[in-house]
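Biologist: Got a minute to walk me through this one? I'd like the layout before I start clicking around.

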Amino acid sequence: MTVDIKIVRAGQMYRYYLRETVVGDGRRPARTPLREAQEQAGVPAGRWMGRGLAALGLAPGEEVTEAQLRNLFGERGRHPDADRIEADLLAAGVSPKKAYRAGALGRRVTVTGVDFVFRPQPTIYLLWALGDEETRKTIEAAHERAIERVLEWIEDEVAVIRYGKDGIYRVRPPGGLVAARFRHYEARSGRPLLHDHLLLSVKGQRLDGKWGSVHTLALHENTVAASALYNELVAAEVCEALGLATEPRTVTPGRRPVMEIAGVPHELIRWTSRRSDQIDACLEELEHEYVTAVDDDGELKFLPVVSQRARAKLNQMAARKTRPPKQETRPLAQLRVWWKASAILTSGVAADVITSLLEHARAAAAAIRARVAAVVDIALAAVDVAATVFVMNDGGRFHRRHLLAEARRHLALVLRGRRRDPGLDEKIVAAAISTHCLDISEPTSVRGLEAGYRLYTARWSLSDLPARRRPPTPAPDPDRQPPADPGEPAELRPLGQDAGEWEIPRIPLQYERSVLAGAVVREKLRTATAVRGRAYDVVAHQQAAMPEQLLPPTAADPEHDDQEPEAGPREAIDMTALRALRESRTDVEALDLTADRLRHLQDAFTKAADDSRARAYRYAKRDDADAAHPVRRDDQQAHRPPEPGPHRGREAGH
């Protein structure tokens, strides 16, 4: 994700932000005024954002002062100008107690805000760091507008104020929220990393004029959807302004690809990822300790393989262990000169490519836009989104926010940096819920009745797919290498290898999105065209929704090579192109797909589509025969897995 979230608490946590974060992650000298420290660090002053500023007498874009930060985030949620308000009332003869209360925004709180960190994809901030001044300003403006749009979405669709006994009442803050934004330029490694810290206050005003606290859990739950929206918006802004396009690139084998600016060499991305290399090296050591850890009785403490959830936690530990000390901050102009020289000397990319990086990206964009047309069909996108979310969640259960995040990722993949119509993601989600999802909610609270907390599953099943094996837990020998495959005996450590060089057994990740979604779309199309009676441009949609390397070009006719080729049915996946991809470095390079695996997936989803048609026909007959009666409880329970229990869907997988 490119959007992170952390809780801001009054006390030591707030003092950390005031000492380091607001001055570009540098070290603020003692007794140095905030603005002077920001000038010394070469970072701009913080700026106020949000519609809630009107209720506080502030305006968007105003400079954030140290006293305002202290009152709003350090003094447990007071008015940013509480000092002035209190002084004016005391001068007017008001008692000190009433003057103090006048500067309060409702009850005092311990959690005073959340810190959202927005950073674009590496290829975008590489263009920002290595490009000319006009390119830098264009990217910064797109970055700021994307943050504003995400904040507006949080205000309108996510943030809720709880009040009443046990927070039984929940209401959107009608006046909006208040946030302070601070710009940073570099990572701890010294490499370029354009990112902004958005300190969002939890204080919001209700309809009755009273101030309440925003429910932070709702902000955490929707961080993935916020990240997908930010990525989509900033990429579209940059691509439209600079004439660029995006392409999918695989970063981690087994995970979904990320959308990066086409034409930026991979070596430059590696040049910025010095921290990632350190984290990966530490992660291998932690994984080895995880699979070989034993208790006092010699029994394994954990599983002999690393699951996806365990790997995520170990990755956080590795990031903390390898976190370097902060360096002295420098002005942006000096940083840009140093970055370009360092990239030319150490990245392995030719100097002429680095100096003309924007031109290379524009040439790649022209080739992509000539080959891939942006075709967004809501009905087909709904199939893609529902299938992906269904597979990526444990038990096939999910909420609306998971569909929304996936819909935004789908649009980013299909549009390749083009703008989209507002509300298109919401339309895809609505189509997915109404057509392909079953509501299996059993609300036990008022919150469970809300649309955002309804629990869904898909109308098809994945019973034909091979089940994931649960590895046994044999007692290990600390002097032996962990088993390469669950159930096999441990092998002796190879001579000359240290612990960190062992092959750590890991449970495979669940990402097969391109193949899975393509198979579902192909089979679902046959039903959709038969029911609705209108044809879809299958080839165009698949060409837009899948990496272009998976789509073979139409065979040329030597006798009519001067004529425009006619559109006709094509095979969606070309095995020759796929085999070539394994040796290439673009798009789906890490997808280890074989012909047998593709045939298995296609057969499995052919059967799933047939079952879905039969189930839809059965529902249609029942609705026609008994349209006046509501859906019975038993009808939904028939499609529920036994004893679903609490929702445990992986938030990071959507």
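Modeller: Let's go through the overall make-up, then the sheets, then a couple of helices.

Modeller: Keep in mind that this is a predicted model.

Biologist: Sure. How many helices and strands does the chain have?

Modeller: There are 24 helices and 16 strands. The chain runs to 654 residues, of which 49% count as buried.

Biologist: And what share of the contacts comes from residues 24 or more positions apart?

Modeller: Taking contacts with a separation of 6 or more, 71% are between residues at least 24 positions apart. As for the surface, the chain exposes about 32000 Å², with carbon and sulfur atoms supplying 51% of that.

Biologist: On to the sheets. What's the strand order in the five-stranded one?

Modeller: That open sheet goes β1-β3-β7-β6-β2, and the pairing is antiparallel. β1 and β2 (47–49) are the edge strands, each pairing on one side only. From one strand to the next, the twist averages 30°.

Biologist: Anything packed on it?

Modeller: Helix α1 (residues 12–19) packs on the sheet, where it touches β1, β3 and β7, and its direction makes about 120° with that of β1. Helix α4 (residues 66–74) lies across β2, β3, β6 and β7, at about 60° to β7.

Biologist: β7 keeps coming up. How many of its residues are buried?

Modeller: 10 of the 10, so β7 is largely enclosed by the rest of the structure. P192, L194, D196, L198 and L200 point one way, while L193, H195, H197, L199 and S201 point the other way, and all are buried.

Biologist: Which strands pair with it, and through how many bridges?

Modeller: Strand β3 (residues 111–118) is joined to β7 by six bridges, and β6 is joined to β7 by seven. Both pairs run antiparallel. If you want register markers, F118 stands opposite D196 in β7. Over with β6, A180 stands opposite L199 and H184 has H195 as its bridge partner.

Biologist: What does the turn between β6 and β7 look like?

Modeller: That hairpin has five residues between the strands, and G190 there takes a positive phi near 90°.

Biologist: Let me jump to K6. Where is it found, and what does it touch?

Modeller: K6 is in strand β1 (residues 3–9). Leaving out residues up to four places away in sequence, K6 touches Y17, G113, V114 and D115. The C-alpha atoms of K6 and V114 are separated by 5.5 Å, although the two residues are 108 apart along the chain.

Biologist: How exposed is that lysine?

Modeller: K6 is partly exposed, at a relative accessible area of 48%.

Biologist: OK, helices. Does α14 have the span you'd expect, or what do the end C-alpha atoms say?

Modeller: Helix α14 (residues 332–346) has 15 residues, which at 1.5 Å a residue should span 21 Å; the end C-alpha atoms are 20 Å apart, which agrees.

Biologist: Which of its residues are buried?

Modeller: L332, L335, R336, W339, S342 and A343. Seen down the axis of α14, the buried residues fall within an arc of 135°, so they line one face of the helix. On the other side of α14, A333, V337 and L345 are exposed.

Biologist: Why would a helix put residues three or four places apart on one side?

Modeller: An α-helix has 3.6 residues a turn, so residues three or four places apart point the same way.

Biologist: And what does the buried face of α14 pack against?

Modeller: The buried residues of α14 pack against α7 (122–130), α8 (133–158), β6 (179–186), β7 (192–201), α11 (266–272) and α15 (351–355). Just after α14, G348 takes a positive phi of about 85°.

Biologist: How about α18?

Modeller: Helix α18 (residues 400–415) is mostly covered, with 14 of its 16 residues buried. From first C-alpha to last, α18 reaches 22 Å, close to the 22 Å expected at 1.5 Å a residue. R416, just after α18, takes a positive phi of about 55°.

Biologist: Last one: what's the order in the three-stranded sheet?

Modeller: That open sheet goes β12-β14-β13, with antiparallel pairing. β12 (397–398) and β13 (437–439) are at the edges with a single partner strand each, so one side of each is left without a neighbour in the sheet. Two bridges join β12 to β14 (residues 456–458), and F398 stands opposite Y456 in β14.

Conventions
Residues numbered from 1 in each chain as written. Predicted model: local features only at pLDDT ≥ 70, side-chain atom pairs only at ≥ 80, totals over all residues. Heavy atoms only, no water. Pairing = 2+ DSSP bridges. Helix = DSSP H or I, 4+ residues; strand = E, 2+ residues; numbered from the N terminus. Expected span 1.5 Å × (residues − 1). Buried < 20%, exposed > 50% of the residue type's maximum accessible area, 1.4 Å probe, protein only. Arc of directions from axis to C-beta. Contact = heavy atoms within 4.5 Å. Axes fitted to C-alpha atoms, helices over the stretch in contact; angles between N-to-C directions. Areas by Shrake-Rupley, 256 points an atom, 1.4 Å probe, with all protein chains shown as cover.
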